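Me: Please take a close look at the aromatic side chains of this model and follow the connections that lead away from them. I would like one connected account, with the cut-off of each term given where the term comes in.

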Amino acid sequence: MKIKIDDLTGNAVKELVREHLQGMHENSPPESIHALGLEQLRSSEITFWSGWEGTELVGCGALKELDDHHGEIKSMRTSSAHLRKGVAKQMLKHIIEEAKRRGYLRLSLETGSQGAFEPARRLYASFGFLYCEPFSDYSEDPNSVFMTMELKGV
């Protein structure tokens, strides 16, 4: 899989972000959806990557800088045609490496608490993410799970 920084202008990427947002709306109440749309993903504090197998988009992920030492994973999504092929694992590894390269000491994320998000929670746990309290601007929400990973010395 080739991972590259993406400007979110290609049709395939736009469709994958739309699919991501649709999935969030199908599995979470509106007040608990923290997924970002295209314009929000183009924000200066966010780096967005797309993953490709040849000319086919297989997944995406983003890293938001919360401060000089803390990053947040956003918009992790595997194309539905490429589930269970290791796409998310490769994208997550890429994001963790970039967070380390930037000198972040912590990498965190928010995901859903519902069953549909169990594979994502298992993936994050397998990389060493631990459950934590809400961070940044998040607050307690029974539909959200918060996870974090210390990067210092990792």
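Reply: Tyrosine 138 is a convenient place to begin: at 15% relative accessibility, tyrosine 138 counts as buried, where buried means under 20% relative accessible area, exposed means over 50%, and partly exposed covers what lies in between, for a 1.4 Å probe and protein chains only. The model is predicted, so that local features need pLDDT of at least 70 and side-chain atom pairs count only at pLDDT 80 or more, whereas totals for chains, interfaces and linings use all residues. Residues are numbered from 1 along each chain as its sequence is written, and side-chain values use heavy atoms, with hydrogens and water left out.

The rings come next. Rings of Phe, Tyr and Trp (for Trp, its six-membered ring) pair if their centres lie within 6.5 Å, and the planes count as stacked when under 30 degrees apart, as edge-to-face when over 60, and as tilted for the rest. By this rule there are four aromatic pairs. In one of them, tyrosine 124 and phenylalanine 129 have ring centres 5.7 Å apart and planes at 70 degrees, so this pair is edge-to-face. Tyrosine 124 is buried, with a relative accessible area of 7%, and phenylalanine 129, at 3% relative accessibility, counts as buried too. Another pair, between phenylalanine 135 and tyrosine 138, is also edge-to-face, with 5.0 Å from centre to centre and 65 degrees between the planes. Phenylalanine 135 is buried as well, at a relative accessible area of 8%, and together Phe135, Tyr138 and Phe146 form one aromatic cluster.

Serine 136 deserves a remark here. Most residues other than glycine have a negative phi. Serine 136, although not a glycine, has a positive phi of about 50 degrees. Serine 136 lies in the loop between strand E6 (130-131) and strand E7 (144-150), where helices (H or I, at least four residues) and strands (E, at least two) are DSSP runs numbered from the N terminus. With a relative accessible area of 48%, serine 136 is partly exposed.

From tyrosine 138 the path leads to lysine 74. Leaving aside neighbours within four places in sequence, lysine 74 is in contact with Tyr138, and also with His34, Leu36, Gly61, Ala62 and Lys64, contact meaning heavy atoms within 4.5 Å. Lysine 74 is found in strand E4 and, at 8% relative accessibility, counts as buried. A polar atom of the side chain of lysine 74 lies 2.9 Å from the backbone oxygen of histidine 34. Serine 75, likewise found in strand E4, has a positive phi of about 55 degrees although it is not a glycine. Serine 75 is buried, with a relative accessible area of 8%.

Strand E4 also leads to the largest pocket. Rolling a probe the size of a water molecule over the atoms shows where empty space is left. On a 1 Å grid over the protein atoms alone, a cavity is a set of points where a 1.4 Å probe fits but cannot get out, while a pocket is an open set with protein on both sides within 12 Å along at least five of seven lines, and lining residues have an atom within 4 Å of a point. The largest pocket holds about 1000 Å³ of space, the volume being the space filled by probe spheres set on the points, which are joined across faces, edges and corners. Of the 42 residues that line the largest pocket, Met76, Arg77, Thr78, Ala116 and Ala120 are the closest to its centre. Two or more lining residues come from each of helix H1 (11-27), strand E4 (70-78), H3, strand E5 (106-112) and helix H4 (118-126), and the largest share, seven residues, comes from E4.

Helix H3, one of these elements, spans residues 87-101 and contains glutamate 98. At 14% relative accessibility, glutamate 98 counts as buried. A polar contact of 2.8 Å joins the side chains of glutamate 98 and arginine 102; a polar contact is a pair of N or O atoms within 3.5 Å, of which, within protein, one must be able to donate a hydrogen and the other to accept it, and residues adjacent in sequence count only if both atoms are side-chain atoms. Apart from neighbours within four places in sequence, glutamate 98 is in contact with Trp49 and Leu63. Lysine 93, which also lies in helix H3, is exposed, with a relative accessible area of 51%.
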